[in-house]
Amino acid sequence: MPNQSTTWPITGRAAAAALFGLALLAGSEVARSQPSSDAGPSPPATIRIGVLAFLGAEYSQEEWGPTARAIEAGLPGTAVRLLPLDHAGLERAVATAEVDFVVTNPGHYVELETALGVSRIATLESGAPVASAVLVRSDRTDLNSLTDLAGKRVAVVGTTAFGGFQAAWRELAASGVDPFRDLTLDSVGFPMTRVIEAVVTNRVDAGIVRGCLKESREADGTLTPGALRVLAPMPSDATRCTVSSRVYPDWPIAKLRGTEPALAKRVATALLTYEPPPGGAGWTVPLDYQPVHEAFRDLKIGPYEPLRHISARDVLARYWQILALFGIALGTWAVHVLRVERLVRRRTAELATANADLVGEMAHRRRIEEQEALHRKELDHAARLAILGEMAGGMAHELNQPLAAIVNYADGCAVRLAAVPPDVAALAEGTRRIRQQADRAAQVIQRIRAFVKKREPAQTRLDLADVVAETVELFEGPARRIGVRVETAPAAVLPAVAGDRIQLQQVLLNLLQNAADATVGSGPGPCTIGLETCAAEGGAVVAVADRGAGMSDAVKARLFEPFFTTKPDGLGLGLALCQSIVTEHRGRLQAQDNPGGGTVMRLWLPAIGEDS
């Protein structure tokens, strides 16, 4: 063994084992003070200890000789016989009770503890860690990590060696490498130095050995220093050697199930009280081998091999309570699902009946809405005719003016034709003016026809300034007839809006007519109504102001109700229709007090984008 010394931390079960060791020491002192007749049964003449010969039988005799002599010193008159064996041989010797104690690596011990009931009585303090070192030639620059071993040939003493394979197997698996699938394993057998020879002679790409074996071979001169290096070194405070895996507790000595407890106590006492020479290996209280169990559990080997092949019977035997609860829960869930499905079917039928009723009601409501829309169109047309009736006198005046002008220009042309020679220039000017007045009369008639014509509303992109200007022209005749003057304040720029030109003209004419009716007779002075346009609130505004008596709050609250009117001969449909038209245009129509007296009707329409 390497001449290094290390002490493992004692936790958990190790603490209990420490107390047990102290009790053994105390017991040994008491035994020495008692007469020999009270010392219990005499130990056997020969104690057989099976040892795992990972470096060969000769090396094992030399390595474990001090341990045998320590036991012989503690048990006078007893001879210790060392039996170097491989894994299989040691397991057979334990099974057939051919040995009294075993000394083996921690992995093999865990297997024997689970399968054959051996129990450790002490743990070795050798200073050489139980870990794996993956060795490669120093000139192999292509191998720098465990994953680089994929597809390579790797030498091992055997797949049952803990430090010589299983500890490295755990690290390979953590790196995503399956040694049985991704590597070509070459089992060279004991002693472990054969693995080093296979790597040095380049017969394999890499080899797995126990930690510190490379350093010890370099120290005794059997391996050239620097010829090999450790692949993927893992830092550890437990050793100064370079290793490729986690470090595990050192080798234990364990008694068989049939070994006398009194003999085991005396052997443990002899080992715990043994003082090794400087640099030699000693023994300490049994350490905690839980890290070995964790490694085996990760790899699903040894005592945890059944985890790889769990049968239905094993699952049933191990988890029958959970499975029973799961079955009860599944049955409850099935009953609940059936109940819910029945409720869903019942509710679906109810909903189908309700849906049929709703469809019928919606169809009835749709028919009513269509009738209301038809009635609304009729009322809309009737309102336009009513407005036109009120404007009829003004329209006649509008037509009389161009007709009278045509007559005058025609008479003038006749006079000039009678002159000798005829005034050709004057005749040309007269005919031009006749044509101009005829076009003016035609435009008046065209506007009236478009206004009263029945048609479907069509919203298009409109310049509201043009709509307002045309409406004012239509209203100028009726306004002059009743002595009202329209003062306009157009905005320099108005955003475009979307709407139906005729419907918007109808709204504006209604507002102008109402403003004129409120202004006429309201007091001395000229009768004027104002019309102003501006851009505001992301849209365009048209404000029509009168100089009448204004409105009370009660009138404002009912202003847009159908059939509500303040005129003696009014129908109460004008503003209701205007409000409906404005709502369809996504706009607002509001009545506000005029600061100078009277009322301001404010129409707002949303602007549209350039690409609309």
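## The second largest cavity

Seven names are worth finding first: Val-497, Ala-498, His-585, Arg-586, Leu-605, Pro-606 and Ile-608 line the second largest cavity. Two or more of the lining residues come from each of strand E14 (497–499) and strand E18 (599–606). This is a predicted model, so please read everything here in that light.

The volume of this second largest cavity is about 30 Å³. Sorted by class, its lining holds five nonpolar residues, one polar and one charged.

## The largest cavity

The count of cavities of 30 Å³ or more comes to two, and the largest has a volume of about 70 Å³. It is lined by 13 residues, of which Asn-105, Gly-163, Gly-164, Met-192 and Trp-251 are the closest to its centre.

Which helix gives the most to the lining of the largest cavity? That is helix H5 (residues 162–174), with three residues. The lining of the largest cavity is made up of eight nonpolar, four polar and one charged residues.

## Aromatic pairs

Helix H5 comes up again when we turn to the rings. There are eight aromatic pairs in the model. In one of them, the ring centres of Phe-162 and Tyr-248 are 5.0 Å apart and the planes stand at 75°, so the pair counts as edge-to-face, a class that needs an angle over 60 degrees.

Phe-162 belongs to helix H5, while Tyr-248 sits in the loop between strand E9 (228–230) and strand E10 (252–255), so this pair ties together parts that are 86 residues apart in sequence. Are these two partners buried or exposed? Phe-162 has a relative accessible area of 1%, so it is buried, and Tyr-248 is buried too, with a relative accessible area of 1%.

Trp-251, already met as one of the residues closest to the centre of the largest cavity, forms one aromatic cluster with Trp-64 and Trp-283.

## Two arginines to look at

Arg-217 is found in helix H8 (residues 213–219). Its relative accessible area is 16%, which is under the 20% limit, so Arg-217 counts as buried. What is Arg-217 in contact with, once its neighbours within four places in sequence are left aside? The contacts are Tyr-59, Thr-193, Ile-196, Thr-222 and Leu-223.

Arg-588 offers another kind of arrangement, with its charged end over the ring of Trp-604, at 4.4 Å from the ring centre.

How values were computed:
Residues numbered from 1 in each chain as written. Predicted model: local features only at pLDDT ≥ 70, side-chain atom pairs only at ≥ 80, totals over all residues. Heavy atoms only, no water. 1 Å grid on protein atoms, 1.4 Å probe; cavity = no way out; pocket = protein on both sides within 12 Å on 5 of 7 lines; lining within 4 Å. Points joined across faces, edges and corners; volume = space filled by probe spheres on them. Helix = DSSP H or I, 4+ residues; strand = E, 2+ residues; numbered from the N terminus. Nonpolar A, V, L, I, M, F, W, Y, C, P; charged D, E, K, R; others polar. Buried < 20%, exposed > 50% of the residue type's maximum accessible area, 1.4 Å probe, protein only. Contact = heavy atoms within 4.5 Å. Phe/Tyr/Trp six-rings, centres within 6.5 Å; stacked < 30°, edge-to-face > 60°. Lys NZ or Arg CZ within 6 Å of the ring centre and 35° of its normal.
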